[in-house]
Amino acid sequence: MIELTDVSKTYQGGVQALGTTDLSIESGKVTVLLGPSGAGKSTLLRCMNLLVTPSTGTVRVEGVPALESRKDLRHHRRRTGMVFQHHQLIPRYTALRNVLLGRVGYYSFWRSLLPFSRSDERIALESLDRVGLLDKALTRVDNLSGGMQQRVGIARALAQQPDLILADEPVASLDPASARRVMDLLRRVCQESGITLIASLHQVDLALEHADRIVGLARGRIVYDGPAAGITDADLRLIYEGAPDDSRSDAPVRAGQDTLAAERS
Ligand SMILES: Nc1ncnc2c1ncn2[C@@H]1O[C@H](COP(=O)(O)OP(=O)(O)OP(=O)(O)O)[C@@H](O)[C@H]1O
């Protein structure tokens, strides 16, 4: 459903967060981008809906002619729900009002200034029901726990009626028990609706539990790509500690010093 070809990202200042990367994501599966802090997980994830503009390469999405026109990009983003580490909810709004914001992409700017329709409200309430928070619909989100706020974030993504959810460290701010519950929920709602889920995580146990496929990243490179069930201790060491001849630096590769791929190939 998503095909990245020769995608790389070098941020201003010369930090190469992502080396040249090819990746194809199939529909309906749970893919986890796994790796230590700074490995390039968020950058790779955000390249998938061009929240981060790749420095090189192309991103192709099934059913969308190209992502070059504003219209096609808007169409892709409407079909793509985002779940963020820090929720990105509006604290003083109720849960329902936050979830309704998931519907905004369906409207033109002018229409979005008008009240939401009955049908949008129904979709938003159904979404809250699916994450078990219907009874909190009229509660301000700053009065909810961190886990509940993340469930509101998931409900907002569901209200978009997406084909794809990109979840960027969705449980990094939660305690281990809440993190597991939120990941269980995210995977379940996606599987129930046939939504493709791509999540970045740095917790190995959660990744192994929830992913169909793991894409392991280290210093801006894919160093493992395969079924979660097939990952070995050696693969995990490669993701978290680097190859035996690595410099062991946690620093990302700088443009012009990009020798890791050559060392590993
Ligand atoms: N907007 C930016 N400008 C400059 N450098 C950036 C920017 N965003 C990320 N980086 C750098 O790019 C590298 C990869 O960052 P990225 O956030 O993609 O990694 P990550 O694996 O998601 O890390 P984390 O788990 O800590 O979020 C890091 O060194 C980071 O500091």
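The legends below accompany several close-up views of a predicted model.

**View 1. The open sheet and the order of its strands.**
In this predicted model, 6 strands form an open sheet in the order 5-6-7-3-8-9, and their pairing is mixed. Strand 5 (80–84) and strand 9 (221–227) each have a single partner strand and stand at the edges, so one side of each is left without a neighbour in the sheet. From one strand to the next, the twist averages 15 degrees.

**View 2. The pairing of strand 8 with strand 9.**
Strand 8, which covers residues 213–218, runs antiparallel to strand 9 and is joined to strand 9 by 6 bridges. Within this pair, V215 has D225 of strand 9 standing opposite.

**View 3. Helices that lie across the strands.**
Helix 5, made of residues 146–159, lies across strand 5 and strand 6 (164–168), and its direction is at about 170 degrees to that of strand 5. Helix 8, made of residues 233–241, lies across strand 3 (30–34), strand 8 and strand 9, and runs at about 150 degrees to strand 9.

**View 4. The packing of helix 5 with helix 6.**
Two packed helices are described by the angle between their axes and the distance between the axes. For helix 5 and helix 6 (residues 176–193), the axes come within 10 Å and cross at roughly 15 degrees, which makes helix 5 roughly parallel to helix 6. The crossing of these two helices is right-handed. On the side of helix 5, the contact is made by G146, G147, Q150, R151, I154 and L158, while helix 6 contributes S178, R181, V182, L185, L186 and V189. Sorted by character, the residues of this contact between helix 5 and helix 6 comprise 6 nonpolar, 4 polar and 2 charged.

**View 5. Confidence along the protein.**
The protein has a mean pLDDT of 87, with 88% of its residues reaching 70 or more, and the scores of the model are ipTM 0.97 and pTM 0.87. Among the elements of the protein, strand 3 has the highest mean pLDDT (97), whereas helix 9 (residues 260–264) has the lowest (33). Over residues 247–265 pLDDT stays under 50, and for this stretch the model has 29 contacts beyond four places in sequence. Where pLDDT is low, the predicted coordinates should not be read in detail.

Terms used: Residues are numbered from 1 along each chain as its sequence is written. This is a predicted model: local features need pLDDT of at least 70, side-chain atom pairs count only at pLDDT 80 or more; totals for chains, interfaces and linings use all residues. Two strands pair if DSSP finds at least two bridges between them. Helices (H or I, at least four residues) and strands (E, at least two) are DSSP runs, numbered from the N terminus. Axes are lines fitted to C-alpha atoms, for helices over the stretch in contact, and angles run from 0 to 180 degrees between N-to-C directions. Two residues are in contact if their C-beta atoms, placed from the backbone, lie within 7 Å. Angles under 35 degrees count as roughly parallel, over 145 as roughly antiparallel, 65 to 115 as roughly perpendicular and the rest as oblique. A crossing is left-handed if the near helix is turned anticlockwise from the far one by less than a right angle, and right-handed if clockwise. Ala, Val, Leu, Ile, Met, Phe, Trp, Tyr, Cys and Pro count as nonpolar, Asp, Glu, Lys and Arg as charged, and the others, Gly among them, as polar. pLDDT is the predictor's confidence in each residue, from 0 to 100.
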